[in-house]
Amino acid sequence: MNAEIISTLLMIIGGVTILTNIIVQVVKTVTWDKIPTNFLALIVSEALTLAAGAAYAQIKGIAITWYLVFAAVVVGLLSAYAAMVGYDKLIEAFKNWPKKTE
């Protein structure tokens, strides 16, 4: 693996995490009382990660094997965790931002 492949994969993972945050925040209002938000984030993250992994393999001409699917599922779990915790921490940081007093 060279630096170009690693940086591309990191950008894809970051994009999946951001898209997971956005989609969950939009869909959460519709499914508030039907599906737990963390479960929704997991479903969205896994779907996006598997789709992005398949698209990347198709573009680069990589054969999809079981360990690539397994790696995509693991990355989906990590992305879901980052999306679940990251949004809450970001909102908390903005709320606790020190206010200027004059």
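**Entry 1: helix 2 against helix 3**

I started with handedness: helix 2 and helix 3 make a right-handed crossing (left-handed if the near helix is turned anticlockwise from the far one by less than a right angle, right-handed if clockwise). The model is predicted, so I kept local features to pLDDT of at least 70 and side-chain atom pairs to pLDDT 80 or more, while totals for chains, interfaces and linings use all residues. I number residues from 1 along each chain as its sequence is written, and side-chain values use heavy atoms, with hydrogens and water left out.

Helix 2 spans residues 37–60 and helix 3 residues 66–95; helices are DSSP runs (H or I, at least four residues), numbered from the N terminus. I found their axes coming within 8 Å and crossing at roughly 140 degrees. Axes here are lines fitted to C-alpha atoms, for helices over the stretch in contact, and angles run from 0 to 180 degrees between N-to-C directions. Helix 2 and helix 3 are therefore oblique to each other (under 35 degrees is roughly parallel, over 145 roughly antiparallel, 65 to 115 roughly perpendicular, the rest oblique).

Next I listed who touches whom, with contact meaning heavy atoms within 4.5 Å. Helix 2 brings residues including Asn38, Leu42, Glu46 and Leu50, and helix 3 brings Val69, Val73, Leu77 and Met84 among them. I sorted this contact into ten nonpolar, five polar and one charged (Ala, Val, Leu, Ile, Met, Phe, Trp, Tyr, Cys and Pro are nonpolar; Asp, Glu, Lys and Arg charged; the others, Gly among them, polar).

**Entry 2: helix 1 against helix 3**

I then turned to helix 1, whose axis comes within 9 Å of that of helix 3, crossing at roughly 55 degrees. Helix 1 and helix 3 are therefore oblique to each other, and their crossing is right-handed. From helix 1 I noted Ile13, Val16, Thr17, Thr20, Asn21 and Gln25; their partners in helix 3 are Val75, Ser79, Ala82, Ala83 and Tyr87. I count six nonpolar, five polar and no charged residues in this contact.

**Entry 3: helix 1 against helix 2**

Helix 1 and helix 2 have axes 9 Å apart and pack at about 145 degrees. I logged this crossing as right-handed too. Leu9, Ile12 and Leu19 are among the helix 1 residues here, and Val44, Leu48 and Tyr56 among those of helix 2. The classes come to 14 nonpolar, five polar and one charged.

**Entry 4: the largest pocket**

Which residues lie nearest the centre of the largest pocket? I found Leu9, Gly53, Tyr56, Leu68 and Ala72, out of 20 lining residues. Helix 2 gives the largest share of the lining, seven residues. I sorted the lining into 18 nonpolar, two polar and no charged residues. On a 1 Å grid over the protein atoms alone, a pocket is an open set of points where a 1.4 Å probe fits, with protein on both sides within 12 Å along at least five of seven lines; lining residues have an atom within 4 Å of a point.

Notes:
Helix = DSSP H or I, 4+ residues; strand = E, 2+ residues; numbered from the N terminus.
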